[in-house]
Amino acid sequence: MLIQELKCINWRNLEKLNLSFSNHLVILQGKNAQGKTNLLEAIYFLSRGRSFRRAKDQEMITWGESYSYLGAKIDENGNYFWKEVSIQPGQKKEWKLNGHPGSGKKGIWLVGYFPNDHEIVEGPPQSRREYIDEAIGFIYSAHAALVSQYEGLLSRRNYLLREHANEDLIETYTEKLIHVGKKIIQGRLEYLRLYTPLVKEFYARLGINNQMLSLRYQPFGYHLNKEGIIHLEKGFEKVKEEEREREITIIGPHRDEIVFEKNGKEFRTFGSQGEKKSLTLSVKLAEMSVIQLIKKSKVIMVFDDVFSELDQHHQDLLLEEILNQGQVFISTTRENDEWARKRRNRVTVLNVEKGKILMGKGNE
Ligand SMILES: Nc1ncnc2c1ncn2[C@@H]1O[C@H](COP(=O)(O)OP(=O)(O)OP(=O)(O)O)[C@@H](O)[C@H]1O
């Protein structure tokens, strides 16, 4: 899958853009605050239907303007389609596929890396749960629907516990929560079976190969045996009194943890900045690989400010890794990049300056 053309009108600080991409690797080079991230955000938005910044849609509109537009021509193994979105204040964003109304989530397989993704490794358990559920939900919309159903049930059950509601009614919600919760846990376990070896492989390939990296699913307050049997019912029985006392749902997939360890020590606490960055990148590259395996399509990747915290050796390893993948957009403040110059037949360098995109020196 490739973005062949990209059009932006009134997208954050970007001037009206009409870009076409011939190379698989596009490097957006520029000083701080020029619009590099805004361009990556536009590409991400077209694929995932929202900003990676979790910003409101209206924030995308250039200050002082009344609408925003994005459009991309996508090449999917020789089949072409256009995906477009328009945003206007006070209205729902409008998606079009080949000129017809469509869904924002359909069509473009993409994985993004942005600096706030370090939360996946260093953040609280919730960051990892949200990340995994979103990664699965991007491939299987049924998983996203289950997560949203679970959140609704959880909120209702917590309300009933707070209100000391009728026991039968609470139990009805316990059953529903267990039913949906098990499906979510099963989905996560299945995903992790495919995903874990890939994370380890990329982590080693990015140059950190003298460490035993492990990734495990840690259930909270219930037993999960080796065959993947989920004993949520017994778990709920055990915490019944405590739940009534604390007036909140204590166990379930909303409390589980996905633990990354290096040599048996938790990564979150013991990883160096560089190691954490390499792990976050491995996590994203593995996500890309899973999509490729399942969807049988090359995945577009966007990497924002990817080089900071990595030494030259690890930067080069990453670039070599990336060059073997699908279409990749990278933003960097590195100027006149030696690496890109050496490979200019395979790399397009674009300079981003005050919202304008200019052909970079590496292409001359
Ligand atoms: N809706 C908007 N309208 C106009 N400008 C905006 C809007 N939203 C953000 N900006 C501005 O866009 C500018 C560029 O932001 P961007 O995050 O793309 O920078 P960047 O080139 O990635 O820089 P850095 O290297 O510092 O991350 C910022 O100065 C920001 O204030």
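How many nonpolar, polar and charged residues does the shell around the ligand have? Here are some notes to get you started; keep in mind that this is a predicted model.

1. To take that question right away: the shell around the ligand is made up of 10 polar, 4 nonpolar and 4 charged residues. In total, 18 residues surround the ligand. If you want somewhere to point the viewer, go to N13, N32, K36, T37 and N38, which are the closest.

2. Next, look at helix α1, which covers residues 36-48. With 3 residues, helix α1 gives the most to the shell around the ligand.

3. On the overall layout, the domain assignment splits the protein into domain 1 (2-109 + 297-363) and domain 2 (125-269). Note that domain 1 is written as two stretches of sequence. Taken over C-alpha atoms, the centres of domain 1 and domain 2 are 33 Å apart.

4. Now for the nonpolar interior. The largest nonpolar core counts 72 residues, and I43 and V299 are the ones with the most contacts inside it. Helix α9 (residues 273-295) gives the most to this core, namely 8 residues. Both domain 1 (2-109 + 297-363) and domain 2 (125-269) supply residues to this core, so it lies between them.

5. I43 deserves a click of its own. Leaving out residues up to four places away in sequence, I43 touches I3, L6, V302 and F329.

6. Finally, don't overlook the second core, which is separate and has 13 residues. Among them are V147, L177, V180 and I185.

Notes: Residues are numbered from 1 along each chain as its sequence is written. This is a predicted model: local features need pLDDT of at least 70, side-chain atom pairs count only at pLDDT 80 or more; totals for chains, interfaces and linings use all residues. A residue is near a molecule or strand if its C-beta atom, placed from the backbone, lies within 6 Å of it. Helices (H or I, at least four residues) and strands (E, at least two) are DSSP runs, numbered from the N terminus. Ala, Val, Leu, Ile, Met, Phe, Trp, Tyr, Cys and Pro count as nonpolar, Asp, Glu, Lys and Arg as charged, and the others, Gly among them, as polar. A nonpolar core is a set of buried Ala, Val, Leu, Ile, Met, Phe, Trp, Tyr and Cys residues joined through C-beta atoms within 7 Å. A residue is buried if 20 or more other C-beta atoms lie within 10 Å of its own, exposed if 12 or fewer, and partly exposed in between; C-beta atoms are placed from the backbone. Domain bounds come from an automatic or database domain assignment. Two residues are in contact if their C-beta atoms, placed from the backbone, lie within 7 Å.
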